[in-house]
Amino acid sequence: QVQLVESGGGFVQPGGSLTLSCSASGSSSLSHLMGWYRRAPLKEREWVATISRVGAAHYRDSVEGRFTISRDNFKDTVYLQMNSLKLEDTAVYYCADLFTDSWGQGTQVTVSS
């Protein structure tokens with residue numbers, strides 16, 4: 001069983017930046033495909049970005065060019081660098097191991113002036 005723990009959320013003003021981290025522990029290291037998802041208030045959970053073991057990354061259109069997903073396979077950690085944050089980025093962000101369908105508990109990101 002893989003355990004995922006997110007950190008790095010917080011409160012930031014529009015235009016600001018945050019970096020989320022997701023540390024994996026348990027039976028295996030980071031799987032082939034890791035992802036970040038988010039759930040905004042009163043909305044369904046949505047995909048944000050994914051990254052393969054070799055670093056191939058994909059983003060939803062609304063974060064393309066502002067967010068960067070990365071991974072350190074030696075540290076078993078996945079990151080989400082978020083720049084130029086907007087009000088609509090406010091959500092609980094979840095890390096996911098898409099191979100084992102394991103999820104973290106989430107970290108709150110609030111963008112507000």
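The questions and answers below concern a predicted model and ask how its features meet their definitions.

Q: What are the ground rules for this model?
A: In this predicted model, local features need pLDDT of at least 70 and side-chain atom pairs count only at pLDDT 80 or more, while totals for chains, interfaces and linings use all residues. Residues are numbered from 1 along each chain as its sequence is written, and side-chain values use heavy atoms, with hydrogens and water left out.

Q: Why is the link of Cys 22 and Cys 95 called a disulfide?
A: A disulfide is a pair of cysteine sulfur atoms within 2.5 Å. The sulfur atoms of Cys 22 and Cys 95 are 2.1 Å apart, so the pair meets the definition. The count by this rule is one disulfide. The angle about the S-S bond is -75°, and the link of Cys 22 and Cys 95 is left-handed. The pair links distant parts of the chain, with Cys 22 in strand β3 (residues 18-26) and Cys 95 in strand β9 (residues 91-97), 73 residues apart. Strands here are DSSP runs of E with at least two residues, numbered from the N terminus.

Q: Are Cys 22 and Cys 95 buried or exposed?
A: Both Cys 22 and Cys 95 are buried. Buried means under 20% relative accessible area, exposed means over 50%, and partly exposed lies in between, with a 1.4 Å probe and protein chains only.

Q: What makes β3 a partner of β1 and of β8?
A: Two strands pair if DSSP finds at least two bridges between them. Strand β1 (residues 2-7) and β3 have six bridges in the antiparallel sense, and six bridges also join β3 to strand β8 (residues 77-82), again antiparallel. Both counts satisfy the rule, so β3 pairs with β1 and with β8. Cys 22 in β3 is the bridge partner of Glu 6. On the β8 side, Leu 20 stands opposite Leu 80, and Leu 18 stands opposite Met 82.

Q: Why do β1 and β7 stand at the edges?
A: The open sheet has four strands in the order β1-β3-β8-β7, with antiparallel pairing. β1 and β7 (67-72) each have a single partner strand, so one side of each is left without a neighbour in the sheet. The twist averages 15° from one strand to the next, with axes fitted as lines to C-alpha atoms and angles running from 0 to 180 degrees between N-to-C directions.

Q: How do you know that Arg 71 has no salt bridge?
A: A salt bridge needs a side-chain nitrogen of Lys or Arg within 4 Å of a carboxyl oxygen of Asp or Glu. For Arg 71, which is buried, the nearest side chain of opposite charge is that of Asp 76, 7.2 Å away, so the definition is not met. Arg 71 is in strand β7.

Q: What does the side chain of Arg 71 reach?
A: The side chain of Arg 71 reaches the backbone oxygen of Ser 31 at 2.7 Å and the backbone oxygen of Ser 52 at 3.2 Å.

Q: What makes Glu 46 and Arg 38 a salt bridge?
A: Their closest N and O atoms are 2.7 Å apart, so the pair passes the cut-off for a salt bridge. Glu 46 is partly exposed because its relative accessible area is 25%, whereas Arg 38 is buried at 5%.

Q: Which other salt bridges involve Asp 89?
A: Asp 89 and Arg 38 meet in a salt bridge at 3.0 Å, N to O. Asp 89 lies in the loop between β8 and β9 and Arg 38 in strand β4 (residues 33-39), so the pair ties together parts that are 51 residues apart in sequence. Arg 66 also forms a salt bridge with Asp 89, the closest N and O atoms being 2.7 Å apart. Both Arg 66 and Asp 89 are buried. Shared partners join Arg 38, Glu 46, Arg 60, Arg 66 and Asp 89 into one network. A search of the whole structure finds four salt bridges.

Q: Why is Asp 76 called buried?
A: Its relative accessible area is 19%, so Asp 76 falls under the limit for buried. Asp 76 is in the loop between β7 and β8, and its phi is near 55°, a positive value in a residue other than glycine.

Q: Why is Ser 84 called partly exposed?
A: Ser 84 has 41% relative accessibility, so it lies between the two limits. Ser 84 is in the loop between β8 and β9, with phi near 50°, a positive value in a residue other than glycine.

Conventions. Lys, Arg positive; Asp, Glu negative; His and termini not counted. Polar contact = N/O pair within 3.5 Å; in protein donor to acceptor, adjacent residues only side chain to side chain.
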